[in-house]
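Biologist: I'd like to learn how to read a protein model. Could you walk me through one, feature by feature?

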Amino acid sequence: MEKIAKDVGDIQSRLLDHRPVISAEVRYFVREFEEKRGLREIRLLENLNKTVQETNEQMLPANLQEMSQKLSDISKRLEAANHMAERVQQRELEAQQSRGDFLEANMEKLKEDWAEFLKEQQRLKEEVDEEHAKAVGEISTRFSEKKKDLVQFSL
């Protein structure tokens, strides 16, 4: 009788207890879900990588070209200022050589001219510094905007 009860219990557990089957189905579902999600994540990362590469190829050269142009303009202005300074120095030397008698009077005049020149150079320097700061601000703003666009684009 005990063997029959055991067989009946075994039959009943096989017919009514579906835990092993459900467990296997759940494992299969989870494995399939993870594989599909993993592929989706890889595709998303590849798209982001492609976007970053395209951004680097398109936006970076434009920004570098702009910065190069601004620096070139500043360099030209500094060269002009140096040329002016050299001319003033040359004039000073010529004046000292040709006018030995009027040296003191000419020196005072040259000092005044030099002081005026330095004031003008200081003004020009401040103007160039202001333009440089403005250009740096614009570039920083553009970079921030492009960074925001990149963040929005990647989302």
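Modeller: Sure, let's start with a pair of side chains: Glu127 and Arg123 meet in a salt bridge, at 3.3 Å from N to O. The term means a side-chain nitrogen of Lys or Arg within 4 Å of a carboxyl oxygen of Asp or Glu. The general idea is that side chains of opposite charge can pair when their charged atoms come close.

Biologist: Before we go on, what kind of model is this, and how are residues numbered?

Modeller: This is a predicted model, where local features need pLDDT of at least 70, side-chain atom pairs count only at pLDDT 80 or more, and totals for chains, interfaces and linings use all residues. Residues are numbered from 1 along each chain as its sequence is written, and side-chain values use heavy atoms, with hydrogens and water left out.

Biologist: Back to the pair, then. How many residues apart are Glu127 and Arg123 in helix α3?

Modeller: They are 4 residues apart in helix α3, so about one helical turn separates them. Helices here are DSSP runs (H or I, at least four residues), strands are E runs of at least two, and both are numbered from the N terminus.

Biologist: Which other residue forms a salt bridge with Arg123?

Modeller: That's Glu120, with the closest N and O atoms 2.4 Å apart. Glu120 and Arg123 are 3 residues apart in helix α3, so again about one helical turn lies between them. Salt bridges that share partners join Glu120, Arg123 and Glu127 into one network.

Biologist: And how do I read exposure? Is Arg123 buried, exposed or partly exposed?

Modeller: Buried means under 20% relative accessible area, exposed means over 50%, and partly exposed is in between (1.4 Å probe, protein chains only). Arg123 counts as partly exposed because its relative accessibility is 41%. Glu127 is partly exposed at 33%, and so is Glu120 at 30%.

Biologist: What salt bridge does Lys109 make?

Modeller: Lys109 meets Asp113, at 3.1 Å from N to O. Both lie in helix α3, 4 residues apart, about one turn of the helix. In total, the rule gives 6 salt bridges.

Biologist: Now the surface. Which residues form a negative surface patch?

Modeller: For patches, we take residues with over 30% relative accessible area and no salt bridge, then join like charges within 9 Å, or nonpolar side chains (Val, Leu, Ile, Met, Phe, Trp, Tyr) within 5 Å. Lys and Arg count as positive and Asp and Glu as negative, while His and the chain ends are not counted. A charge is placed at NZ of Lys, CZ of Arg, CG of Asp or CD of Glu. Here, Glu104, Glu108, Glu112 and Glu116 form the negative patch. One of them, Glu108, sits in helix α3 (residues 103–154).

Biologist: Which residues make the nonpolar patch?

Modeller: Ile22, Val26, Phe29, Val30 and Phe33, with about 490 Å² of accessible area together. Such areas come from the Shrake-Rupley method with a 1.4 Å probe; for residues, only the protein chains shown count as cover. Phe33 lies in helix α2 (residues 19–98).

Biologist: What is Thr51 in contact with?

Modeller: Contact means heavy atoms within 4.5 Å. Leaving aside neighbours within four places in sequence, Thr51 touches Leu150 and Phe153. Thr51 is in helix α2 and counts as buried, at 12%.

Biologist: And how many helices and strands are there in the chain?

Modeller: There are 3 helices and 0 strands, and 10% of the 155 residues count as buried.
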